[in-house]
Amino acid sequence: MPLNVTKAMQVTSSGPQTIQKAQGDTVNLGCTYTASPEDTGELDIEWSHVSPDMTQKDKLILSYTGGQTHYYSDPSLAKRLSFVGDPKLGDASISFSGVRLSDTATYQCKVKKAPGVDMRKVTLVVMVPPSVPKCWVEGAEERGGTVSLRCKSSQGSTPLSYMWKRESGGSMPSTATQDPQTGELLIRNHTDSNVGSYVCEAKNAVGKAQCKYSLHAYNPTNKAGVIVGAVIGALLLLLLLLLLIWLLICCCHKRRYEKEVANEIKEDVQAPESRPSSRHSSFRSERGYHAHPGVQYSSVRNHLPSINESGRGTSQPTTAGENPLKLQYDHRYGYPV
């Protein structure tokens, strides 16, 4: 007796199993389905985040059952998810807006309508497009030499590839080789025919960016002259250093000599003469004397002349037989001597 084979529920989406999208873009995860006439149960659609660990349960993020949509993820994810069309009409695809690097994962669509059931998995890979690269040249752009053009993007998900093209001046030089991984364009035996504008394009699966560089050709520098100039400059610098050292030594010797001369002058200066005793001190000494028996004393005071304002002495009466003393006023001592 032949078996009756019925056509069950079937998910018919035929899009790519892996979708690569740039960060911030909106992506549609397809999940169209066809139900058989025998599938008469209630429609139940579930979207889950498949755990990479087979021992862990998948995480339910969105469902459609009983004619209503339900969200099970955190609010930041829930507000970015929505069904593309009407799930009852055979389209369970969802729209994922503003995708982030953390959204990279495998997602599963499961459609049930008893007795039929089918599912489909799709992997979303969120990538960062390359940033605008920087173009520069390493070394001198000298005729006959080797020129290295470099290109590098500071941001961008791997794998990143680089491609140099000549924008103006003709075709790529025959002596040029480039590395798409490092972004280097190496031109050997550089000539005037290589002069022109070159464009480097950085590219990955979700985007591309480019930069330009204008290549020139210059005469080789006189390396011998550069070496000679460097040697002469070094010698002049050495001579200047020696001159400064010599001036410093001379300055130190000069200061030492001046100090020694000053010390010798101090040693040769004579000590000042001791000041004579004043007239008043003589008078005091006179009063302090005591008479000795048998000795006759005469007072000096009776023979001293008087001193006027002009500094000259006036004669005092003298006793008979005595010569008057002639005294001169000495300004150095302040009294007659």
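1. Burial and overall make-up. Buried residues account for 29% of the 337 residues in the chain. The model is a predicted one. The chain holds three helices and 22 strands. Contacts reach far along the sequence: of those between residues at least 6 apart, 55% join residues at least 24 apart.

2. The largest nonpolar core. This core has 27 residues. Leu29, Tyr33, Ile45, Trp47, Phe96, Tyr107 and Val111 touch the most other members. Several strands each supply at least two residues of this core: strand 3 (27-29), strand 5 (43-50), strand 6 (59-65), strand 8 (81-83), strand 9 (94-96), strand 10 (105-113) and strand 11. Strand 10 gives the largest share of this core, four residues. As background, nonpolar side chains in soluble globular proteins tend to be buried together.

3. The second core. A separate core of 17 residues is also present. Its members include Cys135, Ala176, Leu185 and Ile187.

4. Aromatic pairs. How many aromatic pairs does the structure hold? There are two. One is formed by Tyr64 and Phe83, and its geometry is edge-to-face. The centres lie 6.1 Å apart, with 75 degrees between the planes. Tyr64 is in strand 6 and Phe83 in strand 8, so this pair links distant parts of the chain, 19 residues apart. Tyr64 and Phe83 are both buried.

5. The Phe96 pair. Phe96 and Tyr107 also pair edge-to-face. Here the distance is 5.7 Å centre to centre, and the angle between the planes is 75 degrees. Phe96 lies in strand 9 and Tyr107 in strand 10, so the pair ties together parts 11 residues apart in sequence. Phe96 is buried, as is Tyr107. Phe96 and Tyr107 are also among the residues that touch the most other members of the largest nonpolar core.

6. Arg120, a charged residue without a partner. Arg120 sits in strand 11 (residues 116-127). Is Arg120 buried or exposed? Arg120 is buried, yet has no salt bridge. The nearest side chain of opposite charge is Asp118, 9.0 Å away. A salt bridge needs the nitrogen and the carboxyl oxygen within 4 Å, so Asp118 does not qualify. What the Arg120 side chain does reach is the backbone oxygen of Gly15, at 2.9 Å.

7. Surroundings of Arg120. Residues up to four places away in sequence are not counted here. Arg120 touches Val11, Ser13, Ser14, Gly15, Pro16 and Gln17, among others. Its contacts also include Gly30, Tyr107, Gln108 and Cys109. Tyr107 thus recurs: Tyr107 pairs with Phe96 and touches Arg120.

8. Ser157, a buried loop residue. Ser157 is in the loop between strand 13 (147-152) and strand 14 (161-166). Why does Ser157 count as buried? Its relative accessibility is 16%, and buried means under 20%. The Ser157 side chain reaches the backbone nitrogen of Val128 at 2.6 Å. Leaving aside neighbours within four places in sequence, Ser157 is in contact with Met127, Val128 and Asn204.

9. Salt bridges: Asp44 and Lys112. The salt bridge count is six. One of these joins the side chains of Asp44 and Lys112, at 3.4 Å from N to O. Asp44 is in strand 5 and Lys112 in strand 10, 68 residues apart, and the pair links distant parts of the chain. Asp44 is buried, with a relative accessible area of 16%. Lys112 is partly exposed, at 29%.

10. Salt bridge: Glu138 and Arg150. The side chains of Glu138 and Arg150 meet at 3.5 Å, N to O. This pair links strand 12 (residues 134-138), which holds Glu138, with strand 13, which holds Arg150. The two residues are 12 residues apart. Glu138 is partly exposed, with a relative accessible area of 38%.

11. Salt bridge: Lys212 and Glu167. The closest N and O atoms of Lys212 and Glu167 are 3.0 Å apart, in a salt bridge. Lys212 lies in strand 18 (residues 207-215), and Glu167 in the loop between strand 14 and strand 15 (176-179), so the pair ties together parts 45 residues apart in sequence. Lys212 is partly exposed, with a relative accessible area of 49%. Glu167 counts as partly exposed too, at 44% relative accessibility.

Terms used: Residues numbered from 1 in each chain as written. Predicted model: local features only at pLDDT ≥ 70, side-chain atom pairs only at ≥ 80, totals over all residues. Heavy atoms only, no water. Buried < 20%, exposed > 50% of the residue type's maximum accessible area, 1.4 Å probe, protein only. Lys, Arg positive; Asp, Glu negative; His and termini not counted. Polar contact = N/O pair within 3.5 Å; in protein donor to acceptor, adjacent residues only side chain to side chain. Contact = heavy atoms within 4.5 Å. Core = buried A, V, L, I, M, F, W, Y, C linked by side-chain atoms within 4.5 Å. Phe/Tyr/Trp six-rings, centres within 6.5 Å; stacked < 30°, edge-to-face > 60°.
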